[in-house]
Each structure stands twice: as structure tokens, then as C-alpha cells.
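Here is a short tour that starts at one helix and ends with the whole chain. Please keep the model open as you read.

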Amino acid sequence: MLALVALLVPGVGLACGKANRLEGTLSIPQCDPAISTNCIPAGEALYQATTAFDIPNAFTIAVQTSPWRMYDAEDRIVTVEEMATVIRAKRSESDSRVHLAGSWTAARPDGDADTLVRRLSEALDGFPVDGSDGFLWLSAAGELRTTHQAFSVWKTGPYAVERGADVLMPLVAGWTGDFEDRFASEGNAAAVVRAGVGHDVFMLCPQRALASFERAAEMGSAIGAYNAGLMYADTGDHATAIAWLEKARALGEPKAGAALVRLGEPPAAVQPGP
């Protein structure tokens with residue numbers, strides 16, 4: 001049987017900062033494959049939902065987000081500048097705005113005005129960007145809604161939903177946070193990185209996310225080291241950021257070199273040929 005647990009959002013309470021816009025308790029429906037043959041993995045449901053939604057005259061992007069950051073499909077942090085570059089290259093002239101489909105993109109749970117949509121709009125020279133004001137849910141038909149719960153009640157284990165049911169976007173990554181120690185004991189660095197993403201996007205706890213990324217990096221994850229480096233850079237701790245990004249580059253992360261250059265480090269020397 002899957003155990004029923006209550007998770008505090010953000011993760012470890014006050015240690016994760018203020019969350020004035022969160023209130024109440026929400027029970028999150030899940031599908032138990034042991035009693036239903038109509039369950040599908042939440043990741044599959046999310047993919048189907050994001051391919052179904054269409055906002056007229058808007059360039060839409062669906063990504064896992066916390067109030068502070070965006071992540072790509074490999075759980076690598078995507079900077080606002082990188083996202084702006086993608087939008088400039090791909091949006092059409094008929095697009096009158098950008099819609100950033102992720103949790104807490106247009107509002108922050110602490111009430112701070114420094115939202116992802118504001119930062120992205122600034123990077124796009126004022127082009128309109130909108131998004132979501134809470135934890136993002138998507139229906140199978142691509143309809144969007146948000147919730148603002150302070151506590152979530154859900155069943156531990158892989159997140160699955162009934163076919164056709166709404167899916168809670170951040171829980172697709174968030175459920176892994178409870179299993180980080182198991183992933184680490186199994187030597188699964190990529191899953192430890194995913195647990196870190198879950199801490200950030202669902203538990204709203206960047207401190208725990210950073211610890212997970214560092215842990216994964218010590219296990220040999222280039223993405224873990226890269227994410228840790230970018231998070232330290234965001235805090236202004238450039239020396240620590242450079243150390244993690246150097247580790248990421250040594251582990252083979254292709255974006256680490258450019259990140260180091262942005263922090264003022266010289267490009268890696270090209271080794272002469274034979």
C-alpha cells in the first residue's frame with residue numbers, strides 16, 4: 001500500500017522563506033495502478049496536456065518552474081536570457097505576447113514583484129509576457145488553472161493520474177523529493193538532480209534544491225554542478241559559482257563554459273593538436 005503523507009509547502013517551513021500567498025490544505029487526486037487499469041504516468045499526462053493547449057496570438061512555452069527559475073527537459077536550469085533568445089528566434093510576427101506556462105511565473109508566494117514574467121519581458125525589451133499565479137494544473141484538453149495551498153496531501157510514490165484527469169505540473173518532479181536518499185544510495189545522480197528540481201518547483205525550497213544539486217555533483221552529475229553554479233551566481237557568490245561551474249565543465253556540461261565567461265572567467269584554453 002502507498003502511504004498517505006502530508007507535505008508542508010514550502011518544504012521545511014520557515015527555513016524556506018515567507019510564503020504569504022499560500023493558505024489551506026489540498027488533497028491531490030492520484031491514480032493507484034494496484035486498483036485501476038486507467039492510470040497513466042503524470043509525465044505522460046503532462047506531455048499530452050501541454051501539446052493540447054493553445055492560446056491565440058501568443059507564443060506559449062511550457063516548462064517546469066519555481067518562482068525563481070526555469071528548468072529544461074534534462075532538469076538543467078534555463079536562464080532568462082537563454083529563454084529570451086529562444087523566443088526571439090521562434091516566435092512569429094502574429095504573436096502579440098508570450099505565455100510562460102509554469103507554476104508561479106506571474107506571481108511569487110512571498111509577494112515579491114521580481115517575477116519570471118517580469119524578468120523575461122525585460123529581457124525581451126518590454127515585449128508582453130504573462131503566466132500563472134500559483135501551482136499550475138493542466139487538463140487533458142489543455143485548460144490551465146492554479147491553486148495556492150500551504151499544505152498538499154498526496155500518496156508517496158510515482159505520481160500517476162486517471163487518464164483524462166487534470167495533472168499538477170510541479171508534482172511531476174516534486175514526488176521525487178521524498179526519495180532523494182534512496183536515489184543517492186543507489187548511485188542514481190540524475191534522480192538526485194530531479195529530486196532537487198522537485199524541492200524547488202513543488203516544495204518551494206531553493207535551499208534544499210541547492211543541497212540536492214551539490215550532492216548530485218559530488219556523485220558525478222554535470223547538470224547538478226551546473227545548476228549549483230548558477231544558483232550561487234544568482235546570490236552574488238561568484239567564487240563558489242565559478243568553482244561549481246568549473247566542476248561542471250570538467251564533467252562535460254556543454255553550457256558551463258559560457259556561464260563561466262559570463263562571470264568573467266576566460267574561455268578554456270584549446271589544447272594544441274599533435
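Let us begin with helix 2, which runs over residues 80–90 of this predicted model. Its buried residues are Val80, Glu82, Met83, Ala84 and Ile87. An α-helix has 3.6 residues a turn, so residues three or four places apart point the same way. With that in mind, it is worth turning the view to see what this set of side chains meets. The buried residues of helix 2 pack against four strands and two helices, listed here with their residue ranges.

| Packing partner of helix 2 | Residues |
|---|---|
| Strand 4 | 58–62 |
| Strand 6 | 70–71 |
| Strand 7 | 77–78 |
| Strand 8 | 97–101 |
| Helix 3 | 116–123 |
| Helix 8 | 222–235 |

Next, have a look at His199. This residue belongs to helix 6, which covers residues 189–201. Is His199 buried or exposed? Its relative accessible area is 1%, and because buried means under 20%, His199 counts as buried. Which residues surround it, once neighbours within four places in sequence are set aside? His199 is in contact with Gly177 and Glu180 on the earlier side of the sequence, and with Leu204, Cys205, Arg208, Ala209 and Ser212 on the later side.

Now for a sheet. Three strands form an open sheet in the order 11-10-14, and their pairing is antiparallel. Strand 11 (144–147) and strand 14 (167–168) are the edge strands; each has a single partner, so one side of each is left without a neighbour in the sheet. Strand 10, residues 135–138, pairs with strand 14 in the antiparallel sense over two bridges. One place to look is Leu138, whose bridge partner in strand 14 is Val167.

Stepping back, the chain holds ten helices and 14 strands. How does its radius of gyration relate to that of a compact globule? For 274 residues such a globule would have a radius near 19 Å, and the chain has 19 Å, so the two agree. The C-alpha trace spans about 65 × 50 × 40 Å along its principal axes. Of the 274 residues, 51% are buried. Among contacts with a separation of 6 or more, 69% are between residues 24 or more positions apart.

Finally, the surface and the charges. The accessible surface of the chain is about 12,700 Å², and carbon and sulfur atoms contribute 54% of that area. The chain carries 22 positive and 33 negative charges, and the mean positions of the two sets are 0 Å apart.

How values were computed. Residues are numbered from 1 along each chain as its sequence is written. This is a predicted model: local features need pLDDT of at least 70, side-chain atom pairs count only at pLDDT 80 or more; totals for chains, interfaces and linings use all residues. Side-chain values use heavy atoms; hydrogens and water are left out. Buried means under 20% relative accessible area, exposed over 50%, partly exposed in between (1.4 Å probe, protein chains only). Contact means heavy atoms within 4.5 Å. Two strands pair if DSSP finds at least two bridges between them. The radius of gyration is taken over C-alpha atoms; the globule rule is 2.2 Å times the number of residues to the power 0.38. Accessible areas come from the Shrake-Rupley method with a 1.4 Å probe; for residues, only the protein chains shown count as cover. Lys and Arg count as positive and Asp and Glu as negative; His and the chain ends are not counted. The place of a charge is taken as NZ of Lys, CZ of Arg, CG of Asp or CD of Glu.
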